[in-house]
Amino acid sequence: MTSAELPVEEPVRRLIGRLGLGSLDGSELSSHPGRNDNWSGVTDTGAAVFVKKLRGGAGESLRRYRRIMAFERMAGDAPAAVPHPELLGGDEENRLLAFALLDDVRSGSELAADDGFGPELAHTAGRTLAALHRMPHRADALPRPDPHPFPPTEDLRELPLHVYLGATGAFLQAWGLLQRDRPLLGALERLRASEDGRFDVPVHGDLRLDQFLVADGRLYLSDWEEFRLGDPARDIGAFAGEWLHRAVLRIPVDGDAGEPLAGALTHEQVVARGSRELGRVVPLVASFWQGYREGGGPVAGDPGLAERATAYAGWHLIDRLIASTRENGRLSAIVRAAAGIGRTAVLDPGGFVSTVGFGEAA
């Protein structure tokens, strides 16, 4: 987008000026898709900046803003532990945050799409996450209680009316399948209950490949809106779940052309292609797990960590099913298949620890 197409809001101008960074007016600006508004460009003083405006209800956007600032305060005591884009300043009233813009940056999802997210990068991601989970913090570092909203077990028992009225047909179909699945609901409730009052480590809370950024050969972790104290298995499982989801979605795709295969696949073809895709991604999860262990992640003192992480990887696949229905009118068979794999992992995580990549020896 050009600056003419992307006007700079007055609160953004004030924040940039207050920080002594000059002005973005007249600059060539870019914007990036996501749940928040954002602007990136170079000011008239030569400062490369990325400005984010948190969207959403007043209460929720304020909580997300304060979680970001809580991470920044905590990271300030150990700035090299978890590489992240530098925060230049913020405006709580307007939910604005200004960061130093990374040069020539690529996200983990972009690299994964080009087969550029290899074992070495996965290993580094594991070490980075371990550094986050063992980051020193004070007991009052974050507002408490601040339970994570997912899995949304209360909604699985009774969907709020406003959500129902604004939902697509595919969303209601998926939600109906989940609400009728009593074994799955019980397993998700037990998984959530396992976290209550037992785990007190800093967690990212919304770990996806998009949140990993690579610039100048260095890996950064970004987007701390769901930062809180919680179970480290959430983040570990989310990383594995990202790769499992990608593996399943590639089953009906021509790997060379990236186009959907012509015609329906037989059961044998689905199994063969699925095994091939899992064989491609599980070594990446194993490298990540090895990096996490070598980085000092709390593995030895938590014998159930790998099993809970497997369950959270399964939840991640189910969550991707829900996310896919918010704008689609139809529930695709391949997304349902991914959710089915996720269901199996949630119900029997101990039986799939090694399959996912969390074995004792990576």
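Trainee: The largest cavity has a volume of about 30 Å³, but what makes a space count as a cavity?

Mentor: This is a predicted model, in which local features need pLDDT of at least 70 and side-chain atom pairs count only at pLDDT 80 or more, while totals for chains, interfaces and linings use all residues. Residues are numbered from 1 along each chain as its sequence is written, and side-chain values use heavy atoms, with hydrogens and water left out. A cavity is a set of points, on a 1 Å grid over the protein atoms alone, where a 1.4 Å probe fits but cannot get out; a search of the whole structure finds one of 30 Å³ or more.

Trainee: Which residues line the largest cavity, and how many of them are nonpolar?

Mentor: L156, L178, L184, L185, L188, W315 and I318 form the lining, each having an atom within 4 Å of a point. Helices α8 (182-193) and α11 (305-324) each give two or more of these residues, and the largest share, three residues, belongs to α8. By class the lining has seven nonpolar residues, with no polar and no charged ones.

Trainee: Why is L161 called exposed, and what is T124 called?

Mentor: Exposed means over 50% relative accessible area, buried under 20%, and partly exposed in between (1.4 Å probe, protein chains only). L161, which sits in helix α6 (residues 161-165), has 58% relative accessibility and therefore counts as exposed. T124, in helix α4 (residues 119-133), has 32% and so counts as partly exposed.

Trainee: How far is the C-alpha atom of T124 from that of F288?

Mentor: The two C-alpha atoms are separated by 7.2 Å, although T124 and F288 are 164 residues apart along the chain.

Technical notes. Helix = DSSP H or I, 4+ residues; strand = E, 2+ residues; numbered from the N terminus. 1 Å grid on protein atoms, 1.4 Å probe; cavity = no way out; pocket = protein on both sides within 12 Å on 5 of 7 lines; lining within 4 Å. Points joined across faces, edges and corners; volume = space filled by probe spheres on them. Nonpolar A, V, L, I, M, F, W, Y, C, P; charged D, E, K, R; others polar.
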